[in-house]
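Biologist: Got a minute to go through this model with me? I'd like to start with helix packing and then move on to odd backbone spots.

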Amino acid sequence: MPGSILGTRVLRIEDPELLTGHGTFVGNLRVPGMAYATFVRSPLAHALVNSVDISRASRAPGVLGAWTAADLQLEPYHGFMVLNPACGRPPLATGKVRFVGEPVAVIVAETAAAAADAAESVEVDYTPLPAVVDPEEALVAGAPLQFEELGSNIAAGFRDREDVDPFARASRVVRLRIANQRVAVVPLEGNAIAVVPGDDGAGHLLTVYVSTQMPHGFRDNLCRLLNLDRDAVRVITPHVGGGFGAKAGVMAEHLVVTTVANRLGRPVMWVETRSENMVAMPHGRGQIDYVELGFDEQAKITGMRVRVVSDAGAYAGFGGALAIGPTRLMAQGVYRIPTIRYDVAAVLTNTTPMGAFRGAGRPEAAEFLERTMDLAADELGIDPVELRRRNLIAPDEFPFTTLMGARYDSGDYERALDKALQIADYDALRREQERRRRNGDRVALGIGVAVYVEVTAGGGAKEFGRVDVHEDGSATIRVGTSAHGQGHATSFAMIVADRLGIPLNAIRFIQSDTAEVPRGGGTGGSRSLQVGGNAVRQAAEEVLARAKELAAEELEASTADITVTEDGRVGVAGVPSRAISWARLAQLAASSGNPLAASVDFSQEGPTFPFGAHLSVVEVDLDTGAVRPLRHVAVDDCGRVLNPMVVTGQQHGGIAQGMSQALWEHMVYDESGNPLTSNLADYPMPSAAELCSLEASNTETPSPLNPLGAKGIGESGTIGSTPAVHNAVIDALSHLGIRHLDMPCTPLKIFEAVRAAEAGSLPSVWREPPAALSQLPLRGERPRPEAADADI
Amino acid sequence: MIPAPFDYVRVGSLDEAISALVEHGEDAKLLAGGHSLLPLMKLRLATPSVLIDIGPVRELSYVVDAGDHVAIGALTRHHDLHHDPVAVSQVPLLSMVAGKIGDPQVRHRGTIGGSLTHADPASDLPAAVLALGGTLVARGPAGERQIPADAFFSGFLESALAPDEVLTEIRVPKAVGGHAYQKFVRRAQDWAIVGSVVARVGDRVGVALVNMGPTPLRALAVEQALAEGASAAEAAERAAEGLEPPSDNNATAEFRRHLARVLTRRALAEAGV
């Protein structure tokens, strides 16, 4: 057996073609006869649609067709998981529009420019209706209703029984209202689809190229919604320029483009512009959390009460359910908490429908808990690190089942925290902070800590994997996950190379094509290595077992004596002359009528729970409100690390997005529902120039739930960094009496808070939540929405 | 993200450009670096029927020492101005400000003439030219005229240029003394939320502000206070006097006034005033 490649920094084999401009993104696809679709979108957040006149557009130069909802007759639908069955969305608006950007008509033309010109001539007659943008205002009696038949804007919600008082033993209760702002997902590549109708000669009547995280799920949904034969539709996902949770399910535009391509009998492509992307792609986050945390005299947590108003956007976007599902599941975090009550309402607003964004409900839990812990440390007069230490779940308590029903598989939270403190030199940072405060320095130093745990590969995780060894000695991997930047081609090939001794450059990787891979769950929820990787690993193990039998027979040895040799053959252990190449083994297998291959459906008995500790250091200019990140130390534990370079990359990207939510990003609407940040000049995505160097490292606490010992790493960086950076900013201001600011911590907010602090007029960080929450049905009285179990 | 249809004319000389402007009238727009105009066209907020591309008129790209002043061709790109040895040694403020515009792509395409004629109050170079007390040279069918920078910015995104005139040259006095540009942004590539430019030209101290009103403007109250012998800190307190800055997502008018004072104080200190 050669030395294992696992755990080493193997360069990503998928990068050269991306870096040299050979990406196969949907927009790069060239098919003869391709036509181009453009949507006419609502400029109003809430309005009756009286008429849509496409007659001029239909006759415009180059136009092949123009359609309204009445022409296409597509039923209202749910494109991913369902929050409220009554809030189905018509793919083209019928009767009403419910958010700015909702499509009302589609134009297809010979060129994208001709389609865009024709779209200008579509005349839509609207009667504006009052809109509701703020989810708390949506709960007020008399608020404009999005679906009148529901009788309220509550898409779903529950409250816990009041039989236990979380604060009965508390000597102190800390209370915080915290808004977790709506953000846009902003992948480099927006949504994109190209639909090619016609027999491909292999039994498919329709071939769909689509930028998605879940090609098999996309095919199944599309076929269900359009009543197509599943076997007659081939879905191919080429290179994808980022998903981050937003490319799950079938978008309204996908349904419309597929329908009109079939009607025209011509290939039709739609590639979202950035302006469309900012309003059409589901947004993420968007919660208002009311958190109360009780402490006893020893500063140990006695109980917690959380009440959440979750913004679902228009049509009850599935993201609204994340507060019902994953946020609630992870509300207990890394702490021993004896009692928890959790009430939640998912609310309809006249804004872009909510979906998932990197972390999908878990960052919200970590953010409100870790921010409240820092507030508590401030109020109790205890160092925030010490307060956490007193309440962390101890390493000998795993597996640990929480009050919310999560079974944490493994963990050592204090070890991650200790490592972060040591790397950052926490005590020295506190001394420097004190020095600046003593000197009245107008550039304040802030230190923020967050300890988090999250959940990956939930939802009965299962995945397909297959390994074939060919008669030339090479191998092919097929897997049902769908990498779009995560490095599976490298990581999964490393697994096969490790098991079989076949070199990386002789391993082919196939994914994301329903004609090539029979089934798959795609990539989301940081699931891929633990389920897809282990499926591939098990398939390789089965191939190896078969190879050993073949070799034993050929070499007249006992199977037990057969192993993979140092030079990548299969033979008798310790006898280099008695070994057979993989090519020969594949030939032997083929001649026996049973090729050397194995297919596996791997399932994991439960989700895994990655964790970590982040420490962020910022400077805040008290005269301008500017925040400058100085350092960010991340210690993330994703179980056993397979490729440290891939893990570091995931940490860096995640930290950047989490830091960005803390400091920059916010999707803002005016009171009428007009988006004010719908391009990248107004929506402040940061660049490398704004960030600091990131100090990413790991602890490794293997998961007992899969042979690789792996947990997910895709979202950890985001989950740990957001509260750490946020806490750092507030920490920098705490000596002025400032105890909380909602994200993003902008110069304007800091300026106003510093002013208010100087004037002694800081607002309270608490107020009672909307009364509607106390009228929600009790948990268990109504069925749980399907989308609460979204695993993305 | 696709502009409305337009005609495209490419000219090789200044005279051709003026002729084209005369021919096409107010429907025509000059295209220099395109970094202000093209985004507006892609959003269909600007729909000129003719674009006159003056990119090939390389005779308008230069920085020369003209004795008592430095003359800059209107088509000089920000990157070139930032690195030009005459600019760096004779008018280092302008060179430094050019290096703080947008990002490298913008600086390699955008031109000083385009930036000034776009007259965006949030742009960097207009304030620098105002602080320096520059003069703008325009040419039209009736010949050439000089416009003081103070008289050039006539309204929001409006300049004193006639529709058939082309800005050809920017003249700024040599200013090798202390100078500073305090640019307040949330991201390096952004337009300034507020900016404050300080230039020492001989005995005079010029101060101009970015994004503090409908046009690029001078902080006249600050300049006057300094001329009357006030300390830099006292003068900076008057930075927002009489100004009506905009309110937006990034800043309220009140915050902008505060920033103008803070940034002007810092800029004056940095410039050694």
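Modeller: We can take the helices, then the loops, then one strand residue. Keep in mind that this is a predicted model.

Biologist: Start with α13 of chain A. How many of its residues are buried?

Modeller: 12 of the 13 residues of α13(A) are buried, so the helix is largely enclosed by the rest of the structure. Among the buried ones are A:His488, A:Phe492, A:Met494, A:Ile495, A:Asp498 and A:Leu500.

Biologist: What span should its 13 residues have, and how far apart are its end C-alpha atoms?

Modeller: At 1.5 Å a residue, α13(A), residues 488–500, should span 18 Å. Its end C-alpha atoms are 18 Å apart, which agrees.

Biologist: What comes just after α13(A)?

Modeller: A:Gly501, with a positive phi of about 75°.

Biologist: And on the other side, where is A:Gly485?

Modeller: A:Gly485 sits in the loop between β20 (475–479) and α13 of chain A. With 52% relative accessibility, A:Gly485 counts as exposed, because the cut-off is over 50%. A:Gly485 and A:Val646 are 161 residues apart along the chain, and their C-alpha atoms are separated by 9.8 Å.

Biologist: Back to packing. At what angle do α13(A) and α14(A) cross?

Modeller: Roughly 30°, and their axes come within 9 Å. α14(A) covers residues 528–555. The two helices are therefore roughly parallel to each other, since angles under 35 degrees count that way. Their crossing is right-handed.

Biologist: Which residues meet there?

Modeller: From α13(A), the residues are A:His488, A:Phe492, A:Ile495, A:Val496, A:Arg499 and A:Leu500. The α14(A) side includes A:Leu529, A:Gly532, A:Gly533, A:Val536, A:Ala540 and A:Leu544. By class, this contact has nine nonpolar, four polar and three charged residues.

Biologist: Now α9(A) and α10(A). Parallel or perpendicular?

Modeller: Roughly perpendicular. The axes of α9(A), residues 362–380, and α10(A), residues 384–391, cross at roughly 110° and come within 9 Å. α9(A) passes α10(A) in a right-handed crossing.

Biologist: Which side chains are in play, by residue?

Modeller: A:Glu370, A:Met373, A:Asp374, A:Ala376, A:Ala377 and A:Leu380 in α9(A) meet four residues of α10(A): A:Pro384, A:Leu387, A:Arg388 and A:Asn391. That contact has six nonpolar, one polar and three charged residues.

Biologist: What about α6(A), how many of its residues are buried?

Modeller: 10 of 13, so α6(A) is largely enclosed by the rest of the structure. The buried set includes A:Glu253, A:His254, A:Leu255 and A:Val260. α6(A), residues 252–264, reaches 18 Å from first C-alpha to last, close to the 18 Å expected. A:Gly265 follows α6(A) and has a positive phi near 65°.

Biologist: Switching to backbone oddities. Where is the cis bond to A:Pro399?

Modeller: A cis peptide bond joins A:Phe398 and A:Pro399, with omega about -5°. A:Pro399 is in the loop between α10 and β16 (400–401) of chain A. Another cis peptide bond joins A:Met743 and A:Pro744, with omega about -10°. A:Pro744 is in the loop between α17 (716–733) and α18 (747–759) of chain A.

Biologist: Which residue other than glycine has a positive phi near 55°?

Modeller: A:Tyr315 is one. A:Tyr315 lies in the loop between β14 (301–313) and α8 (326–329) of chain A. At 4% relative accessibility, A:Tyr315 is buried. A:Asp425 also has a positive phi, about 55°, although it is not a glycine. A:Asp425 is in the loop between α11 (413–424) and α12 (426–438) of chain A. A:Asp425 is partly exposed, at 41% relative accessibility.

Biologist: Is A:Ser42 buried or exposed?

Modeller: Buried, with a relative accessible area of 3%. A:Ser42 is in the loop between β1 (35–41) and β2 (47–53) of chain A. Its contacts include A:Val97, A:Phe99, A:Glu102 and A:Tyr126.

Biologist: Last one, chain B. What does B:Leu30 touch?

Modeller: B:Leu21, B:Leu37, B:Ile52, B:Ile54 and B:Val166, not counting residues up to four places away in sequence. B:Leu30 lies in strand β2 (residues 28–31) of chain B. B:Leu30 is partly exposed, at 26% relative accessible area.

Conventions: Residues are numbered from 1 along each chain as its sequence is written. Chains are lettered from A and ligands numbered from 1 in the order in which they are written. This is a predicted model: local features need pLDDT of at least 70, side-chain atom pairs count only at pLDDT 80 or more; totals for chains, interfaces and linings use all residues. Side-chain values use heavy atoms; hydrogens and water are left out. Axes are lines fitted to C-alpha atoms, for helices over the stretch in contact, and angles run from 0 to 180 degrees between N-to-C directions. Angles under 35 degrees count as roughly parallel, over 145 as roughly antiparallel, 65 to 115 as roughly perpendicular and the rest as oblique. A crossing is left-handed if the near helix is turned anticlockwise from the far one by less than a right angle, and right-handed if clockwise. Contact means heavy atoms within 4.5 Å. Ala, Val, Leu, Ile, Met, Phe, Trp, Tyr, Cys and Pro count as nonpolar, Asp, Glu, Lys and Arg as charged, and the others, Gly among them, as polar. The expected span of a helix is 1.5 Å times one less than its number of residues. Buried means under 20% relative accessible area, exposed over 50%, partly exposed in between (1.4 Å probe, protein chains only).
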